[in-house]
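The questions below ask why certain labels apply to a structure and how each one is reached. Each answer sets a value against the rule behind it.

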Amino acid sequence: MKSISAIALALVLLEYAQAVRFLGRVNPATRELTWPGTGVSFTFTGSSATIGLNVTGANSVLLTVDGTSTVIPNVNGSSISTPAGLTKGNHTVELRKRSEAFFGSIFVGDVTTDGILGLDIIPSRKIEFIGDSITVGYGLDGVNPCTNTAEVEDHPKTYAALTAQSLKADYDTVAWSGIGLVRNTVGSSPSDPVMPTRWTRYGPNDADNSYAFPESEIPDTVVIALGTNDFSNDGSRADLDMGNFTSAAVAFIRTIQTHYPDAQYFLLQSPMLSDGYPQGKTQWSSQKDAFNGAISQLNSTKVHFIGWQTQGSDVGCDYHPNAATHAAQAPIVAAAIAKELGW
């Protein structure tokens, strides 16, 4: 009887693993949602479902049930449930973090239902987005001047999430506000890691090289949106060395290629950079030239550049792109990906 019970338990755990799918980079050992856009997805037959959880810090999430989304701006308590009044039947549930790990984390517990969990539908396409506060969705729901908080960060409205949605692709986001390719935003601690280091981690605060790059999570394409913070300067440090920036872009892509050799790569320009601000600087053009220089050095038909015009005066907190700016860019990114991958 004991052996039968052990087999039965193993089958139950296997069924749960297939039914409840983690979205983005989530360590199955800790079940911690850290990066923006991480979450869980599942289907069930019944009239209600509950996601058990434990939270640290401040977290904002988007709960989508059968295509209808609800913003939970401040996650409290030990669970999140589907809305009351669902009819008994088949339902799909997706929970994604709107906010970034800087503010807090969510540890996922058991997913329960008054019915039966079903197998989740996994898209055949996958995109990885690597970026800074723009990709996070920093201050996206605010109107400048405002203070960025977990509540006004909104990753599901970013160009990244919208691009993946339009292409019917699964996606991972590895993004951290203030981070750069060779140096972080002005005023950062010298000990703060740059993206080529954080990218090797399961969660942004985990140990270096903790991410195992599982075969099932290898993306078809990678979008890299870095450079805004490398350029940032209040006069307290030297201007960005463009040769170093170009070399760093080349080195980072070559490192990623060791894990994703068949992927297509896209370098995305920053809408927060411009020519003429700071006065006498041509940061927007310089970043474009650096990325195209990196593409030339890589000499690969799998690496591409995507432009993004300098944003207008209608902005979110701390002059970050708002929802309209992200929504306008998403089709451009999606079209570039679709062209190269035949999607």
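What follows is a set of questions and answers on this predicted model.

Q: What makes the overall size of the protein chain agree with that of a compact globule?
A: For 343 residues, the rule gives a radius of gyration near 20 Å, and the protein chain has 21 Å, so the two agree. Along the principal axes, the C-alpha atoms fill a box of roughly 75 × 40 × 40 Å.

Q: How many helices and strands does the protein chain have, and what share of its residues counts as buried?
A: There are eight helices and 15 strands. Of the 343 residues, 50% are buried, a label that requires under 20% relative accessible area. The accessible surface is about 15,100 Å², and carbon and sulfur atoms hold 55% of that area.

Q: What share of contacts joins residues at least 24 apart in sequence?
A: The share is 75%, taken among contacts between residues at least 6 apart in the protein chain.

Q: Why is aspartate 239 called partly exposed?
A: Buried means under 20% relative accessible area and exposed means over 50%. Aspartate 239 has 49%, which lies between these limits, so the residue is partly exposed. Its place is in the loop between helix H5 (228-231) and H6.

Q: Which residues are in contact with aspartate 239, once its neighbours within four places in sequence are left aside?
A: They are Arg183, Asn233 and Lys281. Contact requires heavy atoms within 4.5 Å. The C-alpha atoms of aspartate 239 and lysine 281 are separated by 9.8 Å, and the two residues are 42 apart along the chain. That separation refers to C-alpha atoms, whereas contact is judged on heavy atoms.

Q: What makes a set of residues a nonpolar core, and which members of the largest one touch the most others?
A: The members must be buried residues of the listed nonpolar types, joined through side-chain atoms within 4.5 Å. The largest such core has 36 residues, of which Ile130, Trp199, Ile224, Phe252, Ile256 and Tyr260 touch the most other members. Strand E13 (221-225), helix H6 (242-259), strand E14 (264-268) and helix H7 (283-298) each supply at least two residues. The element that gives the most is H6, with seven residues. A second core, separate from this one, has 21 residues, including Val26, Val93, Leu95 and Ile106.

Q: Which residues is tryptophan 199 in contact with, leaving aside its neighbours within four places in sequence?
A: Among them are Ile130, Phe252, Ile256 and Tyr260, which also appear with Trp199 in the group that touches the most other core members. Arg25, Glu128 and His259 are further contacts of tryptophan 199.

Q: Why are strand E12 (170-175) and strand E15 (303-306) edge strands?
A: The open sheet of five strands has the order E12-E11-E13-E14-E15, with parallel pairing. E12 and E15 each have a single partner strand, so one side of each lacks a neighbour in the sheet. From one strand to the next, the twist averages 20°.

Q: How do you know that strand E11 (residues 126-131) and E12 pair?
A: Pairing requires at least two bridges. E11 and E12 are joined by six and run parallel, so they pair. Opposite isoleucine 127 stands tyrosine 171 in E12.

Q: What makes E4 a partner of both E9 and E7?
A: The same threshold of at least two bridges applies. Strand E4 (residues 49-57) has eight bridges to strand E9 (residues 104-113) and three to strand E7 (residues 79-81), both antiparallel. In E9, valine 55 has isoleucine 106 as its bridge partner, and threonine 56 has serine 105. Isoleucine 51 stands opposite isoleucine 80 in E7. These strands belong to an open sheet of four, in the order E2-E9-E4-E7.

Q: Which elements does helix H3 (residues 159-166) lie across, and which of its residues are buried?
A: H3 lies across E11, E12, E13 and E14, at about 170° to E11. Its buried residues are Tyr159, Ala160, Ala161, Thr163 and Ala164. They pack against E11, helix H2 (133-136), E12, E13, E14 and H8. Helix H8 (residues 323-341) lies across E11, E13, E14 and E15, at about 155° to E14.

Methods: Residues are numbered from 1 along each chain as its sequence is written. This is a predicted model: local features need pLDDT of at least 70, side-chain atom pairs count only at pLDDT 80 or more; totals for chains, interfaces and linings use all residues. Side-chain values use heavy atoms; hydrogens and water are left out. Buried means under 20% relative accessible area, exposed over 50%, partly exposed in between (1.4 Å probe, protein chains only). Axes are lines fitted to C-alpha atoms, for helices over the stretch in contact, and angles run from 0 to 180 degrees between N-to-C directions. The radius of gyration is taken over C-alpha atoms; the globule rule is 2.2 Å times the number of residues to the power 0.38. Accessible areas come from the Shrake-Rupley method with a 1.4 Å probe; for residues, only the protein chains shown count as cover.
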